[in-house]
Amino acid sequence: MSGKFISFEGPDGAGKTSVIQQIKADLVDQLGDNRVLYTREPGGSPIAEQIRRVLFAPENKNMDARTEALLFAASRRQHVVSTLRPALAAGKVVLCDRYLDSSLVYQGAGRQLGMETIWKLNQYAIDGLLPNLTINLDVPSELGLRRIAEHRSNQVNRLDKEKLSFHHMVRHAFLELQKADPDRIKLIDSSQSLDRVVADVKRVINQRYPELFANEIQR
Ligand SMILES: Nc1ncnc2c1ncn2[C@@H]1O[C@H](COP(=O)(O)OP(=O)(O)OP(=O)(O)O)[C@@H](O)[C@H]1O
Ligand SMILES: [Mg+2]
């Protein structure tokens, strides 16, 4: 039995973590706790979480861009091997809070290392494991940053502090990726209320997997 790998992407403050929490709760109701996994990047396994701490430590603000890209890829590799592959092999629905696309966007476009370079680097890490479905939560940069500032100002990390132009570039790159791979990546308007965003996400998941949220979606 093979599982379902769904990644959630989008700029900071888009609502990824909030949306996944609701989606997860409803899937657990439908399928049971042991059939659904929430996980996140960077992190998602004990070793990968240690790498996450290095990446986000405020004192590491002088980290070289290539070092950063390699650490993200290293963290991803461990996540794939320790967490993602076993969960998928067990047939679970895996809800992953950021994955490969975030590296393509933040390190490839944002840090200007080149999306192609980051893609190649990550092939070694993911060894063929692409999501079955990627939800791109799209939000204007100012709105995403405002949400973080209003609700989560005590948790702003090193990367949230990048300037606005960086965030514009990030949003744009996520949209480019979606256009290049519209079959895998589905665009959701995340400037809507959380309830509406969650409803749109459920509809997109149901289109790919008709057995999920079948009782909630009107056809
Ligand atoms: N649709 C929405 N409308 C209004 N506020 C929202 C919405 N979605 C999320 N928020 C709020 O915005 C803030 C950021 O949301 P959240 O942490 O889920 O975003 P994120 O995409 O996971 O961000 P990050 O990339 O920084 O992890 C939270 O305080 C959340 O409550
Ligand atoms: Mg989040």
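**Exercise 1. Determine whether Ile126 is buried or exposed, and identify its surroundings.**

Solution. Ile126 has a relative accessibility of 0% and therefore counts as buried, the cut-off for burial being under 20%. The model in which this residue is examined is a predicted one. Next, the residue is placed in the fold: Ile126 belongs to helix 5, which covers residues 115–126. Contacts are then listed. With residues up to four places away in sequence set aside, Ile126 touches Arg76, Val80, Arg85, Tyr99 and Leu100. Finally, a distance across the chain is taken: Ile126 and Ala73 are separated by 53 residues in sequence, and their C-alpha atoms lie 8.3 Å apart.

**Exercise 2. Describe the order of the secondary structure elements and the overall dimensions of the chain.**

Solution. The elements are counted to begin with: the chain contains eight helices and five strands. Along the sequence they are arranged as β-α-β-α-α-β-α-α-β-α-α-β-α. For the dimensions, the C-alpha atoms occupy a box of roughly 50 × 35 × 35 Å along the principal axes. A compact globule of 219 residues would have a radius of gyration near 17 Å, and the chain agrees with this because its own value is 17 Å. Burial and contacts complete the description. Of the 219 residues, 48% count as buried. Among contacts with a separation of 6 or more, 76% are between residues 24 or more positions apart.

**Exercise 3. Characterise the surface of the chain and its charges.**

Solution. The exposed area is about 10800 Å², and carbon and sulfur atoms supply 50% of it. The chain carries 31 positive and 27 negative charges, and the mean positions of these two sets are 2 Å apart.

**Exercise 4. Establish which residues of helix 8 are buried and which elements they pack against.**

Solution. Helix 8 comprises the 15 residues 194–208. From first to last C-alpha it reaches 21 Å, close to the 21 Å expected at 1.5 Å a residue. Its buried residues are Val197, Val198, Val201, Lys202, Val204, Ile205 and Asn206. To interpret such a list, recall that an α-helix has 3.6 residues a turn, so residues three or four places apart point the same way. The buried residues of helix 8 pack against strand 1 (4–9), helix 1 (16–31), strand 4 (133–138) and strand 5 (185–189).

**Exercise 5. Locate Ala14 and Ser45, and list their contacts beyond four places in sequence.**

Solution. Ala14 lies in the loop between strand 1 and helix 1. With a relative accessible area of 1%, Ala14 is buried. Its contacts beyond four places in sequence are Leu137, Val139, Arg147 and Ser190. The C-alpha atom of Ala14 is separated by 23 Å from that of Lys4, ten residues away along the chain.

Ser45 occupies the loop between strand 2 (36–40) and helix 2 (46–56). Ser45 is likewise buried, at a relative accessible area of 5%. Under the same exclusion, Ser45 touches Gln78, His79, Ser82 and Thr83.

**Exercise 6. Identify where a cis peptide bond and positive phi values occur.**

Solution. The background is that most residues other than glycine have a negative phi, and most peptide bonds are trans. Glu41 and Pro42 are joined by a cis peptide bond with omega of about -10°, and Pro42 is found in the loop between strand 2 and helix 2. Arg98, not a glycine, has a positive phi of about 75°. This residue is in the loop between strand 3 (93–97) and helix 4 (100–110), and its relative accessibility of 14% makes it buried. Gln112, also not a glycine, has a positive phi of about 60°. Gln112 is placed in the loop between helix 4 and helix 5 and counts as exposed at 64% relative accessibility.

Conventions:
Residues numbered from 1 in each chain as written. Chains lettered and ligands numbered in written order. Predicted model: local features only at pLDDT ≥ 70, side-chain atom pairs only at ≥ 80, totals over all residues. Heavy atoms only, no water. Helix = DSSP H or I, 4+ residues; strand = E, 2+ residues; numbered from the N terminus. Rg over C-alpha atoms; globule rule 2.2 N^0.38 Å. Buried < 20%, exposed > 50% of the residue type's maximum accessible area, 1.4 Å probe, protein only. Contact = heavy atoms within 4.5 Å. Areas by Shrake-Rupley, 256 points an atom, 1.4 Å probe, with all protein chains shown as cover. Lys, Arg positive; Asp, Glu negative; His and termini not counted. Charge placed at Lys NZ, Arg CZ, Asp CG, Glu CD. Expected span 1.5 Å × (residues − 1).
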